[in-house]
Amino acid sequence: MSIAVIGIAEVPTIRDPDRTRWDILLDVCMEAVRDAGIDKDDVHAVISPNPMAQPAMANDMALGKVPEVLGMKGCRDIAIANAGGTSNTNCLRIAKSLIEGGQADFVLIPHTTVQSDIPSEDLINFFATAPLDKQWEYPYGVTFNGSMGLITNRYMHETGATAEQMAAVTVSLRAWGALDPNSIFYGKPVTLEDVLNSRIVSTPLHAKECNLLADGGGAMVVTSHEIAKNFEKAVYQLGHGTRFMSATPFMRKDLFHRKAYRESSTDALAQAGLSINDMDVRQIYGAYPYTQCSALEGYGVCDEGQGAALWAEGRCGPGGDLPCTTMGDATGRGHTGSGVSMAFYLETVRQLRGEADDRQVPNCEHALLTTSGGSVMNTCTTIFGRSPR
Amino acid sequence: MSDYLKPLPEIQPHSKAFWDATKEHKFLIQHCKDCDSNIFYPRRDCPECWSNNLDWIEAGGQGTVYSFSVTYEGVEEKFVADLPIILAWVDLPEGPRINTNIINCEPEDVSIDMPVEVVYVQATDDVVIPYFQPVKR
């Protein structure tokens with residue numbers, strides 16, 4: 001028994017402080033329920049990802065405001081999950097447990113985030129101190145970008161990946177984003193020169209290889225496989241595997257997460273009865289370009305150290321034979337805090353429904369999606385399919 | 001020394017000995033007397049065997065750069081005067097990998113595998129922070 005997604009909604013990722021958190025939230029909740037074709041009172045639970053760095057909104061979500069404001073009379077309970085970028089993954093796990101336990105037929109998972117009204121100094125502080133150690137990292141001026149720069153530099157040292165190959169990852173991610181009306185970079189592709197000529201933030205990362213913090217939101221309605229068979233647009237979860245590495249990057253033995261990608265995907269694929277070669281698209285949420293390379297190495301799509309070359313050859317971007325990360329990742333779409341993983345799930349559903357328009361992967365039947373939280377503390381890999389097994 | 005604007009390390013009861021020692025220009029590594037592990041960062045209990053029979057050894061103060069990243073922007077105001085900051089992970093021969101800055105070094109001179117040595121900087125009257133610098137030849 002597992003779960004299926006039957007309704008989705010998303011607002012475009014932009015920076016606009018006039019679009020409030022609650023406006024986004026109400027819009028995506030109503031649209032996802034309508035997309036599913038159920039009644040609002042059919043929703044038995046609302047499970048929300050924690051909106052990071054927004055404590056008032058987090059309290060509203062944690063303490064039950066969403067079903068109350070929306071008058072969801074059938075709601076039996078609510079919960080909030082905070083695991084950074086994997087918050088939505090945890091929401092799906094809670095939803096699965098409620099559905100399998102007979103407590104819910106339909107669960108709504110809504111995300112909202114507005115970062116454009118938060119002073120940038122506060123956001124830098126939040127993203128530096130939330131996942132990093134306040135005794136052993138923060139006093140040394142470590143930022144999120146600096147932390148990922150340390151990993152990327154070592155990745156390039158060990159694999160021989162060049163600055164041009166690494167920049168090509170961002171070119172492909174932005175090419176996907178340029179095709180996506182929900183991306184902040186819709187219609188705005190970049191060239192290799194644009195990436196390499198952008199300012200250095202933390203070596204070897206250029207500004208265009210880092211994340212633009214933005215506002216966004218999305219929602220999903222999930223149900224059981226059995227109930228989903230009555231819903232034409234259902235997309236089915238077929239397997240799930242997960243591995244934890246470490247909270248603090250410098251403590252990490254599996255620095256590029258290859259082992260975690262390999263083991264979590266092996267577990268997920270085994271449950272689905274599928275192999276990595278059956279996947280029509282690979283959706284990798286890592287937020288920094290090296291993850292797009294090391295994930296392919298971990299999954300066994302290519303040999304260790306060859307991931308960057310695949311991207312540089314254009315094989316993972318639009319039109320390539322190994323399409324990956326068709327929503328552009330945070331670098332190609334805008335970083336909406338805990339919302340990036342929501343956007344990954346929604347894009348995966350669109351691909352499997354055949355509703356991804358200019359980004360549509362032909363004959364997309366199976367998708368692999370890995371989310372990660374914190375400073376890549378974990379890899380949570382899920383297999384989705386157009387049909388149940 | 002009260003003009004130190006950057007965040008000070010949040011010292012914990014089980015790391016106090018480390019920060020007391022930096023004031024004496026010593027770099028301590030926590031050591032488990034039951035399973036013989038060298039532990040960094042310091043914990044209340046050994047992360048290998050959960051023993052609380054913990055002690056300290058003094059590190060030699062030498063290390064090699066495992067990775068580095070030179071940060072040019074995107075820091076809070078209190079770090080701006082220090083830019084560019086050379087963030088580094090340094091492997092100590094005693095086993096642990098630590099996070100630090102390489103100081104007294106130009107950004108273009110730092111490299112992976114470079115030998116470095118500890119150097120102590122008085123932050124406030126009560127806190128001395130260990131950094132690393134290139135080994136003087």
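This is a tour of a predicted model, going from the contact between chain B and chain A to charged residues within chain A.

**Stop 1: the interface**

Colour chain A and chain B separately, then select the residues of each that touch the other. On the chain B side there are 41 residues, in contact with 34 residues of chain A. The area buried between the two chains is about 3,300 Å². Carbon and sulfur atoms give 57% of that area.

Next, show the polar contacts between the chains. The count is 22 residue pairs in polar contact between chain B and chain A, both residues being at pLDDT 80 or more. Now select the elements of chain B that each give two or more residues to the side touching chain A: α1 (16-22), β4 (62-71), α2 (77-80), β5 (85-91), β6 (97-101) and β8 (128-134). Of these, β4(B) gives the most, with 6 residues. Colour this side of chain B by residue class, and 24 nonpolar, 9 polar and 8 charged residues appear.

**Stop 2: the salt bridge between chains**

How many salt bridges does the rule find across the interface of chain B and chain A? There is 1. To see it, select B:E73 and A:R199, whose closest N and O atoms are 2.8 Å apart. Over all chains, the structure holds 27 salt bridges. The pair that crosses between chains runs from the loop between β4 and α2 of chain B, where B:E73 sits, to the loop between α8 (192-196) and β5 (200-202) of chain A, where A:R199 sits. B:E73 counts as partly exposed because its relative accessible area is 23%, which falls between the 20% and 50% cut-offs.

**Stop 3: a bridge between distant parts of chain A**

Hide chain B and select A:R258 and A:E304. They form a salt bridge with the closest N and O atoms 3.5 Å apart. A:R258 belongs to helix α10 (residues 258-272), while A:E304 lies in the loop between α11 (289-299) and α12 (307-312), and the two are 46 residues apart. Is each partner buried or exposed? A:R258 is buried, because its relative accessible area is 10%. A:E304 has 55% relative accessibility, so this residue counts as exposed.

**Stop 4: a pair within one helix, and its network**

Move to helix α14 (residues 339-353) of chain A and select A:E347 and A:R350, which are 3 residues apart there, about one turn of the helix. Their salt bridge has its closest N and O atoms 3.2 Å apart, and both residues are buried. Then extend the selection to A:E10, A:D180, A:R333 and A:R359: salt bridges that share partners join these residues with A:E347 and A:R350 into one network.

**Stop 5: a buried arginine without a salt bridge**

Finally, select A:R252, in the loop between β8 (235-244) and α10 of chain A. A:R252 is buried yet has no salt bridge. Which side chain of opposite charge is nearest to A:R252? That side chain belongs to A:D254, 7.8 Å away; a salt bridge needs the nitrogen and the carboxyl oxygen within 4 Å, so this pair does not count as one.

Show backbone atoms around A:R252. Its side chain reaches the backbone oxygen of A:S375 at 2.7 Å and the backbone oxygen of A:V376 at 3.2 Å. Bring chain B back before listing the contacts. Leaving aside neighbours within four places in sequence, A:R252 is in contact with residues including A:I151, A:M245, A:H257, A:M377 and, from chain B, B:R97.

Methods:
Residues are numbered from 1 along each chain as its sequence is written. Chains are lettered from A and ligands numbered from 1 in the order in which they are written. This is a predicted model: local features need pLDDT of at least 70, side-chain atom pairs count only at pLDDT 80 or more; totals for chains, interfaces and linings use all residues. Side-chain values use heavy atoms; hydrogens and water are left out. Contact means heavy atoms within 4.5 Å. Buried area is the accessible area (1.4 Å probe) that two parts lose on being put together, summed over both. A polar contact is a pair of N or O atoms within 3.5 Å; within protein, one must be able to donate a hydrogen and the other to accept it, and residues adjacent in sequence count only if both atoms are side-chain atoms. Helices (H or I, at least four residues) and strands (E, at least two) are DSSP runs, numbered from the N terminus. Ala, Val, Leu, Ile, Met, Phe, Trp, Tyr, Cys and Pro count as nonpolar, Asp, Glu, Lys and Arg as charged, and the others, Gly among them, as polar. Buried means under 20% relative accessible area, exposed over 50%, partly exposed in between (1.4 Å probe, protein chains only). Lys and Arg count as positive and Asp and Glu as negative; His and the chain ends are not counted.
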